[in-house]
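Work through these exercises with the sequence and the model side by side. Each task is followed by a solution in steps.

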Amino acid sequence: MDIKDIQNLIKFVSKAEVSEVKYKTKDFEITIKTPLAGSEMNYMAQPAVYHTAPQQAAAPAPAAPSVAAPTTPVEDDSKFITIKSPMIGTFYRKPSPDKDLFVNVGDEVTEGKVVCVIEAMKLFNQIESEVSGKIVKVLVDDATPVEYDQPLFLVDPS
């Protein structure tokens, strides 16, 4: 089961308004629990094989506000497409502390390009763009916690 399958399963469970779903195969087990109010999703995944990014050497920075200071004036956000977090975890803009950022404001992205990583349960999950366009705004500070479906980037598809 790959990350897109997990994301689709989480979306399905959210829309189905069930409180808990367990999925188990020979080498993979996932449990998705939602509170009765349906406001936030928790999940546990125990894959047998999973591609991970290198471990972070430095301790994560203390929690900071989720929204970054605007880096580019943006008048009308409605024409932009939002790249959202597919999971709960810690947002990182670099693959490791000594590497360059995945994307900057003004960079062109194509569908499938890695834009960030989200660490969840010691696994570093690469988040790929689902759209092509130009990064207009980064909405989250590096090394801060993110929620499921939280906006991360604004992309101008034109």
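**Exercise 1. Decide whether Phe91 is buried or exposed, then find its aromatic partner.**

Step 1. The model is predicted, so every value here is computed from predicted coordinates. Phe91 has a relative accessible area of 0%. The cut-off for buried is under 20%. Phe91 is therefore buried.

Step 2. Look for ring partners. The whole structure holds 2 aromatic pairs. One of them joins Phe91 and Phe153. Their centres are 5.9 Å apart, and the planes make an angle of 55°. That pair is tilted.

Step 3. Place both rings in the chain. Phe91 sits in strand 5 and Phe153 in strand 11. They are 62 residues apart, so the pair links distant parts of the chain.

Step 4. Check the partner. Phe153 also has a relative accessibility of 0%, which makes it buried.

**Exercise 2. Classify the pair formed by Tyr92 and Phe124.**

Step 1. Take the geometry. The ring centres lie 6.1 Å apart, and the planes meet at 40°. Planes under 30 degrees apart would count as stacked, and over 60 as edge-to-face. The pair is therefore tilted.

Step 2. Locate the two residues. Tyr92 belongs to strand 5, Phe124 to strand 8. With their positions 32 residues apart in the numbering, they too link distant parts of the chain.

Step 3. Test burial. Tyr92 has a relative accessible area of 6% and is buried. Phe124, at 1%, is buried as well.

**Exercise 3. Trace the sheet that contains strand 5 and name its edges.**

Step 1. Write down the order. This open sheet has 4 strands, ordered 8-7-5-10, and the pairing is antiparallel.

Step 2. Find the edges. Strand 8 (123-128) and strand 10 (144-146) each have a single partner strand, so one side of each lacks a neighbour in the sheet. From one strand to the next, the twist averages 40°.

Step 3. Walk across the pairings.

- Strand 5 (residues 89-92) pairs with strand 10 over 3 bridges, in the antiparallel sense. Gly89 stands opposite Val146 there.
- Strand 5 is joined to strand 7 by 3 bridges, again antiparallel. Phe91 faces Ile118 across this pairing.
- Strand 7 is joined to strand 8 by 6 bridges, and the two run antiparallel. Val114 lies opposite Glu128.

Step 4. Inspect the turn. The hairpin of strand 7 and strand 8 has 2 residues between the strands. Met121 takes a positive phi near 55° in this hairpin.

Step 5. Count burial along strand 7. In strand 7 (residues 114-120), 7 of the 7 residues are buried, so the strand is largely enclosed by the rest of the structure.

**Exercise 4. Trace the sheet that contains strand 11.**

Step 1. Read the order. 4 strands form an open sheet, 4-11-9-6, with antiparallel pairing.

Step 2. Identify the edges. They are strand 4 (81-84) and strand 6 (108-109), each pairing on one side only.

Step 3. Check one pairing. Strand 4 meets strand 11 (residues 151-156) through 4 bridges, in antiparallel fashion. Lys84 stands opposite Pro151.

**Exercise 5. Work out which residues of helix 1 are buried and what they pack against.**

Step 1. Size the helix. Helix 1 (residues 3-16) has 14 residues. From first C-alpha to last, helix 1 reaches 20 Å, close to the 20 Å expected at 1.5 Å a residue.

Step 2. List the buried residues. They are Ile6, Gln7, Leu9, Ile10 and Val13. Viewed down the axis, the buried residues of helix 1 fall within an arc of 160°, so they line one face.

Step 3. Turn to the other side of helix 1. Phe12 and Lys15 are exposed there.

Step 4. Find the packing partners. The buried residues of helix 1 pack against strand 1 (20-24) and strand 2 (29-33).

**Exercise 6. How many helices and strands does the chain have, and how much of the chain is buried?**

Step 1. Count the elements. The protein chain has 1 helix and 11 strands. The helix comes at the N-terminal end of the order, and the strands follow.

Step 2. Take the burial total. Of 158 residues, 38% count as buried.

Step 3. Look at contact range. Take the contacts between residues at least 6 apart in sequence: 59% of them join residues at least 24 apart.

How values were computed. Residues are numbered from 1 along each chain as its sequence is written. This is a predicted model: local features need pLDDT of at least 70, side-chain atom pairs count only at pLDDT 80 or more; totals for chains, interfaces and linings use all residues. Side-chain values use heavy atoms; hydrogens and water are left out. Two strands pair if DSSP finds at least two bridges between them. Axes are lines fitted to C-alpha atoms, for helices over the stretch in contact, and angles run from 0 to 180 degrees between N-to-C directions. Rings of Phe, Tyr and Trp (its six-membered ring) pair if their centres lie within 6.5 Å; planes under 30 degrees apart count as stacked, over 60 as edge-to-face and the rest as tilted. Buried means under 20% relative accessible area, exposed over 50%, partly exposed in between (1.4 Å probe, protein chains only). The expected span of a helix is 1.5 Å times one less than its number of residues. The arc is that of the directions from the helix axis to the C-beta atoms. Contact means heavy atoms within 4.5 Å.
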